[in-house]
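Reader: I am new to this structure and would like a close look at a single part of it, namely the nonpolar interior and the aromatic rings. Could you take me through that part step by step?

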Amino acid sequence: MDIRSLRYFVETVRLNSFTHAAEALNVTQSTISKMVRQLEDEVGAQLLTREGRKLGLTDTGRVVYARGQEILATMRQLHVEVRDTQATRRGSLTVGIPPMINLLFTPVLKAFRQRHPDIILTLREDTGQAIERQVAGGELEIGMTVLPVDPKLDLVAVRIASYPIWALAEAGTFQKERTTLELKALGALPLVLLRDDFALTRSLRSAFEAAGFAPTIAAQSGQWDWLVAMASAGLGVALLPEPFIHRLAGERLDAVRIIAPELAWQVAHVSNGRYLSHAGRAWMEVCQSVLGNGFAGQARR
């Protein structure tokens, strides 16, 4: 059913006049008459009766008028909601965030809530590699991971932050007052790492391979604070990004920054590159304004 002809019919009945309806809709009276006849043809029944200058409704006309008002009201609401969504006044968004990365996003969440209070935001926690698969498979519109992303997945990655990797170990493991450690030196030390399904571990294993050594893995865990506890107990060297180092307090740990090459924990958004909703774009803009570095880099994998 043509919405325009329905609108012309409802307006004609409401004003009880073809002439007044034409004036209200800024069209000619002949256009109104033509559109009402078109609606009658679509319905297959007469809708209006004439009693002198007065218009009346047939039984079918009363049904079409009542339902037509509801349809037009729904259409008006649809336009309002579309405009609101485009203006990021409403909508919904689910963002996939790995457990480690979520520690960085408290200020982002606060800013997003303040700027877009009517957007329903849901955070889905999973490992970076799992989130990459969910984004590639269409389960998530946008997610967070650690670069580099899986080259087998067709994803667009946008870096939003980069932090150096530090080595943590029991006090006395490294030379006194040492602040840096070459990557190759890790080949002679036992390591405690996050599980292999963490994107950070994937990145570290690539770095070990490029440096030409196979690491000795003493233990792996899904919790970064447990890695710190194991390192403190002398079980091995933990490798963690700088933001986590600043959260530690105590004298039982040595902390040195990895160099030659310097390893970076690069946090990135990933999307399928085909469509990003208005809510998704709003999230990206808030991340850019709050975290502020790295938004120039974008690459498809």
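Author: What follows looks at the nonpolar core, then at the aromatic rings, and lastly at a separate core and a pair of helices.

Please keep in mind throughout that this is a predicted model. In soluble globular proteins, nonpolar side chains tend to be buried together. Here the largest nonpolar core has 63 residues, and those with the most contacts inside it are F105, L186, L239, W265 and W283. The largest share of this core, ten residues, is supplied by strand 6, which covers residues 156-170.

L186 is a useful place to begin, and if residues up to four places away in sequence are left aside, L186 touches L181, L191, F208, F213, V237, L239 and I258. Two of these contacts, F208 and F213, are both buried, and their rings form a tilted aromatic pair, with 5.3 Å from centre to centre and 40 degrees between the planes.

That pair belongs to a wider set, since a search of the whole structure finds six aromatic pairs. A pair of aromatic rings is described by the distance of the centres and the angle of the planes. For W224 and F244 the centres are 4.8 Å apart and the planes stand at 65 degrees, an edge-to-face arrangement. The pair links distant parts of the chain, with W224 in helix 8 (residues 224-232) and F244 in helix 9 (residues 242-245), 20 residues apart. Both W224 and F244 are buried, and together with Y163 and W265 they form one aromatic cluster; W265 has already appeared among the residues with the most contacts inside the largest core.

A second, separate core has 19 residues, including V10, L25, L47 and V64. L25 also takes part in the contact between two helices, where F18, T19, A21, A22 and L25 of helix 2 meet Q29, I32, S33 and V36 of helix 3. The residues of this contact divide into six nonpolar, three polar and no charged. The axes of helix 2 (residues 18-25) and helix 3 (residues 29-43) come within 8 Å and cross at roughly 105 degrees, and because angles of 65 to 115 degrees count as roughly perpendicular, helix 2 and helix 3 are therefore described as roughly perpendicular to each other.

For contrast with the buried rings, K184 lies in the loop between strand 7 (180-182) and strand 8 (190-194), and K184 is exposed, with a relative accessible area of 60%.

Notes. Residues are numbered from 1 along each chain as its sequence is written. This is a predicted model: local features need pLDDT of at least 70, side-chain atom pairs count only at pLDDT 80 or more; totals for chains, interfaces and linings use all residues. Side-chain values use heavy atoms; hydrogens and water are left out. Rings of Phe, Tyr and Trp (its six-membered ring) pair if their centres lie within 6.5 Å; planes under 30 degrees apart count as stacked, over 60 as edge-to-face and the rest as tilted. Buried means under 20% relative accessible area, exposed over 50%, partly exposed in between (1.4 Å probe, protein chains only). Helices (H or I, at least four residues) and strands (E, at least two) are DSSP runs, numbered from the N terminus. Axes are lines fitted to C-alpha atoms, for helices over the stretch in contact, and angles run from 0 to 180 degrees between N-to-C directions. Angles under 35 degrees count as roughly parallel, over 145 as roughly antiparallel, 65 to 115 as roughly perpendicular and the rest as oblique. Contact means heavy atoms within 4.5 Å. Ala, Val, Leu, Ile, Met, Phe, Trp, Tyr, Cys and Pro count as nonpolar, Asp, Glu, Lys and Arg as charged, and the others, Gly among them, as polar. A nonpolar core is a set of buried Ala, Val, Leu, Ile, Met, Phe, Trp, Tyr and Cys residues joined through side-chain atoms within 4.5 Å.
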